[in-house]
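This report is meant for someone looking at this molecule for the first time, and it moves from one helix to its aromatic residues, then to a loop and a sheet. Please keep the sequence and the model in view while reading.

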Amino acid sequence: MPRKLRHVPSTPYVHLVSDSAFGSSRIRVDRNHPIGLERPATGAHRATLSCATCGDPVAITVLSLTATKLWRLGWLLASGLGLALVVTCALSVIGTGPDGDAMPLLTLGFLTGILLSVYAILHWWHEDGVRGPGLPWRSGRHYVRHFWAGPR
Ligand SMILES: [Zn+2]
């Protein structure tokens, strides 16, 4: 089962302390901070926190329990769609043999299905109904740690 949904989400936001490259290695040092916002009864609640490390504003959106469960359902459906694509392409290859003209398309479909299902099942597992100011590779110094493996 995915992580338990609480009235106050356990997903932290992150302050990126440093991001350094040494040859082909990249070292990121960051600090997690609890969000501490209660979920709204319905819809979404957007708030601006003051970062516990630097004091800068961090825009956070927290979804209601219902909205979070709908996101989880969406991720689960997307994962099922990916698995259906994998099975369909595999059965087509088994049915027609590997020499058919559609082989590149079936291979593309198979790989796309695997990627979609893995991506979606990871998001289903970790969906906590929290949205932050950006993604780790596109944002500045603050983001939400969606794949949080800490205390729940
Ligand atoms: Zn900060």
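Which residue just after α1 takes a positive phi? In this predicted model, Gly97 is the residue in that place, and its phi is about 90 degrees.

**The helix α1 and its buried residues**

Helix α1 covers residues 65-96, and its length can be checked against expectation: at 1.5 Å a residue, its 32 residues should span 46 Å, and the C-alpha atoms at its ends are indeed 46 Å apart, which agrees. Several residues of α1 are buried, namely Ala67, Thr68, Arg72, Trp75, Ser79, Gly82, Val86 and Cys89. The cover over the buried residues of this helix includes strand β4 (57-63) as well as helix α2.

**Aromatic residues**

A pair of aromatic rings is described by the distance of the centres and the angle of the planes. Three aromatic pairs are found when the whole structure is searched. In one of them, the rings of Trp71 and Trp75 have centres 5.9 Å apart and planes at 40 degrees, so this pair is tilted. Both residues belong to helix α1, where they are four residues apart, about one turn of the helix. Trp75 also forms an edge-to-face pair with Tyr119, with 6.0 Å from centre to centre and 70 degrees between the planes. This second pair links distant parts of the chain, since Trp75 is in helix α1 and Tyr119 is in helix α2 (residues 103-126), 44 residues apart. Through such ring pairs, Trp71, Trp75 and Tyr119 are linked into a cluster.

A further residue meets this cluster at Trp71: Arg131 lies over the face of that ring, at 4.6 Å from the ring centre.

How exposed are the two tryptophans and two other residues taken up below? The table gives the relative accessibility of each.

| Residue | Relative accessibility | Class |
|---|---|---|
| Trp71 | 40% | partly exposed |
| Trp75 | 16% | buried |
| Arg39 | 4% | buried |
| Ala21 | 63% | exposed |

**A buried arginine in a loop**

Arg39 lies in the loop that runs between β2 (25-34) and β3 (44-50), and at 4% relative accessibility this arginine counts as buried. What does Arg39 touch, not counting residues up to four places away in sequence? Its contacts are Leu5, Arg6, His7, Pro9, Val62, Leu63, Ser64, Leu65, Thr68, Asp128 and Gly129. With one of these residues there is also a polar approach, as a polar atom of the Arg39 side chain lies 3.1 Å from the backbone oxygen of Leu63. Thr68, another residue in that list of contacts, is itself among the buried residues of α1.

**Strands and sheet**

The strands β3, β4 and β5 form, in that order, an open sheet of three strands with antiparallel pairing. Its edge strands are β3 and β5 (130-131), each of which pairs on one side only. Strands β3 and β4 run antiparallel and are joined by seven bridges, and Arg46 has Thr61 in β4 as its bridge partner.

Elsewhere, Ala21 has its place in strand β1 (residues 12-22) and is exposed, with a relative accessible area of 63%. Ala21 and Cys51 are separated by 30 residues in sequence and, from C-alpha to C-alpha, by 25 Å in space.

Conventions: Residues numbered from 1 in each chain as written. Predicted model: local features only at pLDDT ≥ 70, side-chain atom pairs only at ≥ 80, totals over all residues. Heavy atoms only, no water. Phe/Tyr/Trp six-rings, centres within 6.5 Å; stacked < 30°, edge-to-face > 60°. Helix = DSSP H or I, 4+ residues; strand = E, 2+ residues; numbered from the N terminus. Buried < 20%, exposed > 50% of the residue type's maximum accessible area, 1.4 Å probe, protein only. Lys NZ or Arg CZ within 6 Å of the ring centre and 35° of its normal. Expected span 1.5 Å × (residues − 1). Contact = heavy atoms within 4.5 Å. Polar contact = N/O pair within 3.5 Å; in protein donor to acceptor, adjacent residues only side chain to side chain. Pairing = 2+ DSSP bridges.
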